[in-house]
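I opened my notebook to look up how the parts of this model meet, and I kept the entries in the order in which I looked.

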Amino acid sequence: QNVTVTGTVKSADGETLPGVSIFIKETRQTTISDGKGVFSISAPDQGTLVFSYIGFKTQEIQINKNAGPISVILQSSDNALDEVVVTALGISRQKKSLGYAVQELKGQDLAEAKESNLVNALAGKIAGVRVTNSQGSMGSSRVVIRGETSIAGNNQPLFVVDGIPVDNSQLNSAGARDYANAISDINPEDIESISVLKGPNAAALYGSRAAAGVILIKTKTGKSKKGLGIDINSNAVLETLLTLPVYQNAFGQGSEGKFSYVDGAGKGINDGVDESWGPKLDGRLIPQFFSKGVAVPFIAHPDNVRDFFQTGYSLNNGVSVADAGEKYDYRISYNNLKQVGIVPNSGQGKNSFVLNTSLKITPKLTLTANANYSKLNSDNLPGTGGSRSTSTMLQFTWFGRQVDINQLKNYLDENGKTFNWNNSYYSNPYWVAYENTVSQNRSRIIGSLALNYKIIDGLDFNFRSGTDYYNDRRKVRIAYGTNGTPFGSYTESAFTVSENNTDATLNFNKQLNDDFSLELLGGGNIRRQYIEQNDQSAPKLAIAGLYTLKNSRDPLISSNNLSRLKSYSIYASGQIGFRNYLFANITARNDWSSTLPAQNRSYFYPSFNGSFVATEAFDIKSETLNYLKIRGGWSKVGKDADPYRLINTYAFSAPFNANPQLTTSNIDLNPNLKPETTTSTELGVEAVFFNKRLRFDLSAYNTNSYNQILAADVSQSTGFSSKLLNAGKINNKGIEAQLGITPIKKQFTWDIDFNFAANRSRVIELDAEKLLTNYIVATNSAQVIATVGQPYGSLFGTAFLRDGNGNIIVNATGAPATNPTKQVLGKYTPDWIGGVYNTFTYKGISLGVLVDASIGGSIYNGTYATGTYTGVLASTLPGRAAEYGGISYYYPDNKKENGTVRVNGTAPTGVTVYDDGIVFDGVTADGKRNEKILPAQQYYKTFRNIDEANIFDASYVKLREVKLSYNLPAKWIRPLSLQGVSVSLVGRNLWIIHRNTVDIDPEVAFNTGNGQGLESLSNPSTRSYGINLNVKF
Amino acid sequence: CNKELDEVNINPNAPEIPQPDYLLTGTTKTTADTYWGGTNNMNSSLLFAQHWAKVQYTEEDRFIFSNSSFTSLWSTGYAQSIAGFNKIIELGDAQGNPNYRGVALVLRSWVFLLLTDAYGDIPYSQAGKIKQFVTPVYDKQKDVYYGILNDLKTAQAALDPASGKVISGDVIYSGNIALWKKFANSLRLRIALRIADKEPAKSKQVIDEILAEGGTYINSKSENAQLFYSDSPQQNPVAASFETRNDYRISKTIVDKLFALNDPRLPIYASKTDNATPQTYVGIPNGSTNSEASAIGLANSSRPGTYFLAPKAPAVIFSYAELLFDRAEAAARGFTTENAADLYKQAIRASFDQYSIGGSAVDDYINQASVQYDAGNYKKSIGEQKWIALFGQGLEAWAEQRRLDYPQLTASVNTVLSGKIPVRFIYPGTEQSLNGQNYKNAVSSQGADLLTTKLWFDAF
């Protein structure tokens, strides 16, 4: 005999819980709680109700017809046994049923330790996730999970926000700026949780883009409110320099010890030279750039670079309102970010509005609508890299160490001309910062509509269509009178990006009997991608100071590019569970992509995985071993090509004397492309010991990617620079471990979370014919290559010439000789990465400390290569004068062609004696010890063209995050009608505890591409510290 | 849905089938830019020939190079020029227009000539055929010269002014096929002389063939093979460089020579110094160190002449003056029965005329003892005067200086090749990694991949 049971579900802290799944054990009927946590179900008397909800322990309650409405309180889960996680396509699954590793990050961590680019927040916290941060807080960040699996393609994971795949491109255009990758548009405050699906095993259902893993972002939704339901968050952060090259302060601008300023462009003595090989900074009197021909003291300004930078800051203020009722829920939030960078006149602002809402139209039909609008505005982003007219550090690495930066702040002289320390190559750095600006303006909407229809209990139909659409415009101004660009220039770039995904799925869940449960899903997807780029440039301005395309002296240079892609997919997945301890999962997907030729267009890929919970199967109930699970699986995913990679085309360039111009393409395309394929095997163990004091999760994986689509460089004598191949095989294998320890668990709690990941990659083959041995990924003096038999990302370049014993051979002048054959000099990928997060909690106070490390790997240090050549770095001091260990020498008869001779005792009368001699530690071609003395300037200049001298170990250990938070006790705030107040002090990137490079932060990246490990006059990295205040009304 | 997906993947940005005239303009312009531009002309061969010198960043003038220094002639030459001209041949054939084939073959031969003159052994027979050869073998320099002589003969036969098949997009001769025939023959003569020290019989045979075909050569300055540049941004690469940089000056070697000969071309070749100087025209010694060059100073040394700095200045590929020097040399070597001394004088006149210098100055100049033709050492007479006449054409001037060994140039003490001047370009470093075995074979056949390894044609 059935009774109607009603009741309310709440969490331990009194919040009502909507959407809790309620299931009658005997009849297998189900329902869910409504927006106010209320449920009602017809059930047999004395039957059992099972309540389950993500993040909470599953609870069983026996029905008693006389008990009246019941109140159920669910305990939050810290137990792997009950944990429910979000998996591919947003499907919630019990973690114990999964045959692969999934790791989650809670939104609160992101909101407190705020990073303006949310990718940075992943650094050090999740095993196997490698984040390389860009320069400062406004640039790009790259994230790679489990190593690079694609030789030439994108290796960053797919980002999915509330079920909608979103764009994370770094769209580059003119102006030498490190534009932020697009996912940074998402405001961390709006994130409920981030779930990381590591690699194809977890992400196979996402198809083509799953090979590099998927990062699922779930945004906050409306919950039944307590109080007013208003949440205010305010955050202020200061940003200062973390690293700066170490400069010498003993010698100033010039060459061979001589300098005198007339016009800064060669009229004086070495005054066009932008290097610091000049006279000693001993206060001698020399005319300088500001002294109008008067000889003034030549002295060091040790902080001249540091003083150029300013303290940056960001202010982040947000408010949200949320509520939920029987038939609806909503959350509306607004957030404003204002950022000022460390480079003068740089900054950006961001406004974002998010609306998440759902409406139960009928008991069976629910409509969900989400909209996330963001607007990024910057008048000027910080200049990076090596462009004379726009970069920041280029000028400081080619610099006079005597320059007083304060003398340059007024960058115009009395005639209105730019005023600088050097006029042969550079414009005043403040002129560059204030006049040569690059603005960015991006408006973006990510929106979706979803319908859920319950056909019968256990069978749902879902339909969802979502679009990510944005416009990104950049305006690049080079001012009239800029050195090297005398007429200035003006460029506008505009991007339109749109990605639309429509999915329809059927879900079926049923407890078949006491032993078996079944979950099935089948569906289809249509994906459209559209990317358009328009560039217009006035290469020379007609008049100064007016930035419009019409103000052009020369014909405009324009180009545009349109890229379209469409794909159809069908997919299915199933899970069979046996007695809650043995699970088998299977997925299958078939894609049809427009980018592949018709005959290879359709590709199918399956995955299998399973898990076995030993503690449950053998009914182990021990205090020592609380939980033990073994899991494993195999998967295969395919990947299509970029659009238009099948048939060669010919590119237009501007007409020449009214003749249209076409030129041949550098790449030989391939009409027979096949999809790329990645297969991956993964095994893992999860265990919990000692009353949950010790938690352990270990994964091992082996991933093979083959049939890779890559534009292999070929000898240009073929008529092309590269050839598009379906070739290449790369293997990645690795282990990941997470270890949680709770040494103290009383009122004072201490948690330690370790994560560790080691990945080994090996390029097995580049093409089947074995004609190609190297694939060049990027070039900047040294190169990043994929070379057969080596790990992915080898650094390749010129090396010292050595004899059989490893001694460096010198040439006739006594300078080190270059090996005519380029060598593999390292790899940019680390040997292992890891982090340790310590959390100390006492009452409402918690302190979190994250230290992370990246060990092994190498970096080409472009700052060092240049700064050694130009003599600005402290590392160029040894040997530069007697007091720095320089050897005394002279030229017989004062003729340089006679070569250097060491002064032993006294030199012959009449010759000039120099004291900046250095003998390179090497051997001559005939094996004798080198004794030739080189003047210091010549000595240090030899290393710039020998890449080996500029490659350093990239290992680092960083104090990544320190976070102190305090939740004010309820008894203090309740009288004020507040629901919660928390204050946090947060520091990020506080300290590089250990590094083996000099002058740069080894973590610094310049873009999000595969060509990492090539540092090139990057802006200094920064540390930040700030305060976060959260008030709930 | 296949059809729909096929349509999505049709590239809307660029044509799959190019028009031959557009491709002819684009490829010719790209080739000229490389030939006349920074890496191959200003920053290398013009320095080796001591036409120009560097006044800032003088490393290249001191021959400090790496194997990435000389990549652009190779990459543009093969992947843009030869690939483009091959496609024009294909398109011309498809249209039944042999004149496209002829013109493209002439220009392609010129590019192969530039490549082999600079590097020596190069891919030729397997070059530009990616479907068959991903790693093309290097042909010996002799075989390359023989091959392009053959190609030019074919081109000469294909070019037919009477066929009525017009070509467009020709920015050198505006579609005048008769002039293309002359240019083809002129290139054959140039190559015949290039190999004359090694294969004189072949040289004579080529010249005889041209005569037997009834062929004619470039016959006036209006027939010069050259590309006139336009206004910015289509300006002459030299003009473009001087707009933003100030790295080059005229070489002291040629300034001294022009002063010594009282040569009226000096004010054309050199600009006056910015600061007033006693000499008015001051060259920078080749191979100066940065500090030596800056001690002379930017304002006290001469830029190249305004003729060469003008945006619309031409890139000269083959001048009438050069052609006359070639005929003089062919006569001097006994390949023809023409009057070498007379042709030598005509060549100097043609060079003066190229810069519109006429009148009595020309006769005064030619009649100087130091200029008069020396039949006993024709290499010296022709070498020196041809070197002056080729001013600005770095690659050709350098090739001829290496072959004729006149003028005798010396390297500065600050250079790094033990007193030698480069006699070839180093192969691009990418060849080692991308075409390694063939590269190794070429090096073992030709000699070490150094700047100082003499090429086959350079007999003395």
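The entries below cover the interface of the two chains and then the domains of one of them.

Entry 1. I am working with a predicted model, in which local features need pLDDT of at least 70 and side-chain atom pairs count only at pLDDT 80 or more, while totals for chains, interfaces and linings use all residues. Residues are numbered from 1 along each chain as its sequence is written, chains are lettered from A and ligands numbered from 1 in the order in which they are written, and side-chain values use heavy atoms, without hydrogens and water.

Entry 2. I looked up the chain interface and found 72 residues of chain B in contact (heavy atoms within 4.5 Å) with 72 residues of chain A. The two chains bury about 6,100 Å² between them, 55% of it on carbon and sulfur atoms, where buried area is the accessible area (1.4 Å probe) lost on being put together, summed over both parts. Asn9(B), Ile130(B) and Leu434(B) supply 11% of the area that chain B buries against chain A, more than any other three residues.

Entry 3. I then noted four salt bridges across this interface, each a side-chain nitrogen of Lys or Arg within 4 Å of a carboxyl oxygen of Asp or Glu. Asp668(A) and Lys131(B) meet in a salt bridge at 3.0 Å, N to O.

Entry 4. Turning to chain A, I found that domain 2 and domain 3, whose bounds come from an automatic or database domain assignment, have centres 3 Å apart, taken over C-alpha atoms. Their contact takes 73 residues from domain 2 of chain A and 136 residues from domain 3 of chain A. I recorded five salt bridges across the interface of these two domains, and the side chains of Glu736(A) and Arg146(A) meet in a salt bridge at 2.7 Å, N to O.
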